[in-house]
Amino acid sequence: MLQTIKKYWFVCLVGVLLIGASIYFAYDQNKGKLPGKTVGGEDVVFSIGEEDITAGEFYDTLFNEMGVAGVYQFMEKAVVDPSIETTEEMKTQAKTYADSITAQYQSTYGDEYKDMLLTALNGVGYSKLSELTDYFIHIQKTQQMIKNYINDHADEYIPAYVEAKKPRIVSHILIKMDDPANPTEEETNRVNAVKDALASGRDFGEVAQELSEDSGSAVQNGSIGYMDADTQLVSPFLETALAMNEGDVSEWIQTTYGWHIIQCDVSDVESLKEYDEFYDALATYYPNLQPKVVWEKAQEMDLDFKGNEALQNKLLIYMGLNETNEPEDQPENTDNADNPDGDQDNAEGQPQDNQDEQGGNE
């Protein structure tokens with residue numbers, strides 16, 4: 001899950017920075033057009049339930065700096081945070097994520113890391129370094145809200161994704177070879193040791209831990225975690241894994257890294273629901289799903305733009321939603337989830353530094 005959190009962190013930040021160029025124009029066009037309700041002498045931009053967002057608060061801290069992206073950020077926090085209970089597990093996870101990001105910034109930026117980290121936090125709507133854990137709690141709550149929504153609308157979202165992308169959890173055993181097309185006698189002996197161990201009835205994961213030469217997955221009983229048709233693996237590995245059913249063990253296959261034998265650990269949808277990566281992949285497959293979930297919940301909470309239809313329309317366009325609040329037609333998403341770190345999302349806890357051995361990145 002940490003890799004997923006990191007992905008959302010950077011994607012959100014990049015989106016905010018790209019929106020920033022249009023800030024002044026958006027503000028200039030709307031600053032005199034806030035009709036209706038006032039609180040303490042200030043015009044109300046919009047309200048959610050009993051909470052009023054005033055013009056001063058909104059323009060000074062959000063719209064002046066981030067444009068419509070700031071509207072969405074503010075609305076998302078106002079919707080998500082009270083809708084999902086904050087658990088102790090979320091707090092613990094958030095601290096872990098915050099410590100990890102802080103350490104990365106410190107390693108990258110040295111003495112300037114606090115300033116850089118604060119700039120990044122400002123970009124996603126937070127004003128203090130101490131709010132870094134709040135940000136990660138919010139991300140977890142957002143994920144939980146999307147998960148709940150998908151489960152409540154399973155027939156609408158899950159079958160198409162499963163049919164198109166064939167999600168699954170797989171494990172493998174790798175025997176590395178200098179020339180996989182012409183294995184040496186010593187390499188062949190290592191392959192035969194794996195064959196004999198499996199033929200004797202030993203558990204695949206146990207054999208992988210002992211004999212696999214992919215150090216990254218071996219410590220995970222050979223598991224490379226969650227994958228689907230978009231996962232960046234070399235073709236022979238990917239094609240074989242996607243063609244397998246739960247419980248199948250493949251014949252030996254050859255890649256540029258050596259010889260692999262693959263086991264499909266999970267392909268049943270109900271079992272896949274135990275993995276956060278399944279829901280993350282669904283959210284990627286339906287790119288407007290998250291804003292749709294947030295928008296529908298906001299309407300349940302009586303979101304009111306106080307007659308400012310221009311602002312509401314800008315927000316709907318930004319979210320990729322049409323006027324009926326349904327997602328626009330989605331082209332098939334053929335790209336793997338963007339990850340500026342270059343990390344491949346795997347099962348929670350999966351080491352990332354040996355991904356090239358796990359079927360091999362193309």
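Here is a walk through this structure, from the overall picture down to single pairs of side chains. Keep in mind that the model is predicted.

Let's start with the whole chain. The protein has 362 residues, and 47% of them count as buried. Its backbone is organised into 16 helices and seven strands. If you look at contacts between residues with a separation of 6 or more, 71% of them join residues that sit 24 or more positions apart.

A good place to zoom in is the sheet. Four strands make up an open sheet, and reading across it you meet them in the order E5-E4-E7-E6, with antiparallel pairing. Strand E5 (223-227) and E6 are the edge strands; each has a single partner strand, so one side of each has no neighbour in the sheet. From one strand to the next, the twist averages 40°.

Now follow strand E7, which covers residues 258-266. How much of E7 is buried? Seven of its nine residues are, which makes this strand mostly covered. One of its partners is strand E4 (residues 168-176), and the two run antiparallel, joined over eight bridges. To find a spot in this pairing on your screen, pick histidine 172: its bridge partner in E7 is isoleucine 262.

Strand E7 also pairs with strand E6 (residues 253-255), again in the antiparallel sense, this time over three bridges. Here the pair to look for is threonine 255, which stands opposite glycine 258 in E7. Together E6 and E7 make a hairpin, and two residues lie between them.

The sheet has a helix for company. Helix H12 (residues 235-242) lies across E4, E5, E6 and E7, and runs at about 145° to E6.

Let's move on to a pair of helices. Where helix H7 (residues 132-152) meets H15, their axes come within 10 Å and cross at roughly 85°. An angle from 65 to 115 degrees counts as roughly perpendicular, so that is how H7 stands to H15. On the H7 side, the contact is made by Thr142, Met145, Ile146, Tyr149 and Ile150, while H15 brings Leu289, Gln290, Lys292, Val293, Glu296 and Lys297. What kinds of residues meet in the contact of H7 with H15? Six are nonpolar, two are polar and three are charged.

Some of those H15 residues turn up again when you look at salt bridges. Lysine 292 and glutamate 296 form one, with the closest N and O atoms 2.7 Å apart. Both residues lie in helix H15 (residues 289-300), four residues apart, or about one turn of the helix. Are the two partners buried or exposed? Lysine 292 has 2% relative accessibility, so it counts as buried. Glutamate 296 comes in at 23%, and therefore counts as partly exposed, since the cut-off for buried is under 20%.

Further along H15, lysine 297 and glutamate 300 meet in a salt bridge of their own, at 3.2 Å from N to O. These two are three residues apart in the helix, about one turn. Lysine 297 is partly exposed, with a relative accessible area of 26%. Glutamate 300 has a relative accessible area of 57%, which means that this residue is exposed.

For another pair, look at arginine 202 and glutamate 206. They form a salt bridge whose closest N and O atoms are 3.0 Å apart. Arginine 202 is partly exposed because its relative accessibility is 28%. Glutamate 206, at 41% relative accessibility, counts as partly exposed too.

Salt bridges can also link up. Which residues are linked in a network of salt bridges? Glu186, Arg190 and Glu213 are. Across the protein, the salt bridges come to 11.

Technical notes
Residues are numbered from 1 along each chain as its sequence is written. This is a predicted model: local features need pLDDT of at least 70, side-chain atom pairs count only at pLDDT 80 or more; totals for chains, interfaces and linings use all residues. Side-chain values use heavy atoms; hydrogens and water are left out. Buried means under 20% relative accessible area, exposed over 50%, partly exposed in between (1.4 Å probe, protein chains only). Two strands pair if DSSP finds at least two bridges between them. A salt bridge is a side-chain nitrogen of Lys or Arg within 4 Å of a carboxyl oxygen of Asp or Glu. Axes are lines fitted to C-alpha atoms, for helices over the stretch in contact, and angles run from 0 to 180 degrees between N-to-C directions. Contact means heavy atoms within 4.5 Å. Angles under 35 degrees count as roughly parallel, over 145 as roughly antiparallel, 65 to 115 as roughly perpendicular and the rest as oblique. Ala, Val, Leu, Ile, Met, Phe, Trp, Tyr, Cys and Pro count as nonpolar, Asp, Glu, Lys and Arg as charged, and the others, Gly among them, as polar.
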